[in-house]
Amino acid sequence: MGLCFSGVQSLHSSRLNRPHYPGASDIHGSNFEFSETTTATEIRKSQFNVRETIYSDCSPLPFSHGQILKWPELKVFSFEELKSATGNFKSDRLLGEGGFGRVYKAWLDENTLTPAKPGSGVEVAIKMFKPGGTQGFAQWQSEVNVLGKLSHPNVVRLLGYCWDEDQFLLVYEFMPNGSFYYHLSERNHEPLSWNTRLKIIIGAARGLSFLHANENKIIFRDFKSSNILLDRNYNAKIADFGLARLGPSEGESHVSTKVVGTLGYLDPEYYLTGQVNVKSDVYGFGVVLLEILTGMKAHDTRRPTGQQNLVRWSKPCLSSEKKLKTIMDGKIEGQYSPKAALQAAQLALKCLEDDSNQRPSMKEVLEGLEAIEDNH
Ligand SMILES: Nc1ncnc2c1ncn2[C@@H]1O[C@H](COP(=O)(O)OP(=O)(O)OP(=O)(O)O)[C@@H](O)[C@H]1O
């Protein structure tokens with residue numbers, strides 16, 4: 001988990017005692033304002049173009065290749081079902097906790113997606129949003145509206161959601177190898193090899209270029225190592241679409257928005273201007289590429305002054321083989337060719353250009369990484 005911040009102060013939970021749900025679904029370009037008497041059911045009906053998928057006669061977890069569905073096709077779970085699937089949110093099922101709530105492991109029947117015995121059916125991850133948080137509600141809503149429509153091998157799959165009174169939950173496919181951030185943090189863990197790192201970053205690049213390539217460009221806005229989840233075979237999948245939003249309309253170059261993101265990954269141009277475009281994601285990608293090379297986190301206050309911000313510290317070392325050697329992760333020494341590392345570092349440097357126009361597109365970044373993989 002990183003240190004998340006938003007340019008606009010969050011609403012305090014006391015305000016939430018009086019139901020007021022601010023416009024949250026900026027992915028649809030529309031802001032919703034509800035009166036204080038609006039009921040949850042009315043909001044539900046007005047905001048979601050969700051089609052409930054009936055899983056009873058579906059093949060297990062259908063998965064198609066890279067498409068954006070017209071409607072989110074999600075199962076609507078009851079709170080009781082998710083309570084049962086997680087053993088009443090038992091502490092030994094806890095996978096982790098982010099800024100907006102806890103994530104639990106659970107099992108569902110692979111055909112009907114109803115609760116199953118631990119160890120049987122399919123594993124899923126259930127995120128339970130903290131009650132009473134306006135920002136949490138907005139994130140939950142964006143996940144349903146954006147992620148619910150996406151189907152791509154490098155984007156984590158959302159299977160369904162639950163909105164039961166004040167309880168907001170999401171059900172995702174389970175990613176057994178956790179996040180890339182976890183592998184950066186876990187000192188006792190077997191370090192990821194160079195080849196695995198390359199596989200992870202290429203998978204993440206595929207996911208991000210899929211989001212950017214769509215006609216209605218999706219800006220992820222919070223690209224970081226804790227949002228790259230890893231499946232059993234270390235295939236990377238992008239997760240956490242709570243801050244995602246639509247890119248600029250035809251003829252426009254950017255979208256003006258409040259500044260949100262995570263310290264260490266935030267595009268300086270976006271931070272200064274409040275204007276975001278897909279190139280902000282490219283900047284975040286450059287930071288993750290640096291993490292891959294150095295094995296260091298984007299921002300770490302436990303490092304000596306001058307080294308805490310990975311970009312600032314490593315940038316002067318990215319264009320020469322000799323200097324790069326001094327910052328490369330010692331745990332992967334001997335696994336890569338110096339030429340390959342230099343090419344990756346130079347790609348990172350381009351992604352980290354201060355002027356977003358100078359940064360490559362994700363398509364170009366992906367091509368660059370695939371060439372590195374092919375040549376070495
Ligand atoms: N689909 C999943 N499968 C397995 N583990 C998951 C899944 N989704 C989340 N997790 C784990 O749950 C923990 C919390 O995830 P969450 O997305 O809530 O927060 P985060 O990304 O770590 O932090 P934040 O979003 O607040 O910056 C993380 O450790 C993550 O690895």
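**Helix packing, domains and the ligand shell**

Helices α11 and α12 pack with their axes 10 Å apart, at an angle of about 170°. An angle over 145 degrees counts as roughly antiparallel, so α11 is roughly antiparallel to α12. From α11, the residues Ala 340, Gln 343, Ala 344, Leu 347 and Cys 351 meet Val 365, Gly 368, Leu 369 and Ile 372 of α12. By class, this contact has seven nonpolar and two polar residues, and no charged ones. The model described here is a predicted one.

Each of these two helices also packs against another helix. Helix α11 (residues 338–351) has a contact with helix α8 (residues 278–294), where the axes come within 8 Å and cross at roughly 150°. That angle makes α8 roughly antiparallel to α11. The crossing of the two is left-handed. On the α8 side, the contact is made by Val 282, Tyr 283, Phe 285, Gly 286, Leu 289, Leu 290 and Leu 293. On the α11 side, it is made by Ala 341, Ala 344, Ala 345, Leu 347, Ala 348 and Cys 351. These residues divide into twelve nonpolar and one polar, with no charged residue. Ala 344, Leu 347 and Cys 351 of α11 thus appear in the contact with α8 and also in the contact with α12.

Helix α12 (residues 362–375) in turn packs against helix α6 (residues 194–213), with axes that come within 9 Å and cross at roughly 155°. Here too the angle makes the pair, α6 and α12, roughly antiparallel. The crossing of α6 and α12 is left-handed. From α6, the contact takes Leu 198, Ile 201, Ile 202, Ala 205, Arg 206, Leu 208, Ser 209, His 212 and Ala 213. These meet Met 362, Lys 363, Val 365, Leu 366, Leu 369, Glu 370 and Glu 373 in α12. The contact of α6 with α12 divides into ten nonpolar, two polar and four charged residues. Charged residues are therefore part of this contact, whereas the contact of α11 with α12 has none. Val 365 and Leu 369 of α12 take part in the contact with α6 and in the one with α11.

At the level of domains, the protein is divided into domain 1 (15–38 + 45–173) and domain 2 (180–375). The contact between them takes 16 residues from domain 1 and 18 residues from domain 2. On the side of domain 1 that touches domain 2, helix α4 (residues 134–145) gives the most, with three residues. That side of domain 1 divides into eight nonpolar, six polar and two charged residues.

Where does the ligand lie with respect to domain 1 and domain 2? Both domains give residues to the shell around the ligand, so the ligand lies between them. There are 24 residues around the ligand, and those that come nearest are Gly 96, Gly 98, Gly 99, Val 103 and Ala 125. Strands β5 (94–98) and β7 (122–129) are the elements that give two or more residues to this shell. Of the elements, β5 gives the most, with four residues. By class, the shell around the ligand has 13 nonpolar, eight polar and three charged residues.

Terms used
Residues numbered from 1 in each chain as written. Predicted model: local features only at pLDDT ≥ 70, side-chain atom pairs only at ≥ 80, totals over all residues. Near = placed C-beta within 6 Å. Nonpolar A, V, L, I, M, F, W, Y, C, P; charged D, E, K, R; others polar. Domains from an automatic or database assignment. Axes fitted to C-alpha atoms, helices over the stretch in contact; angles between N-to-C directions. Parallel < 35°, antiparallel > 145°, perpendicular 65-115°, else oblique. Left-handed = near helix turned anticlockwise from the far one by under 90°. Contact = placed C-beta atoms within 7 Å.
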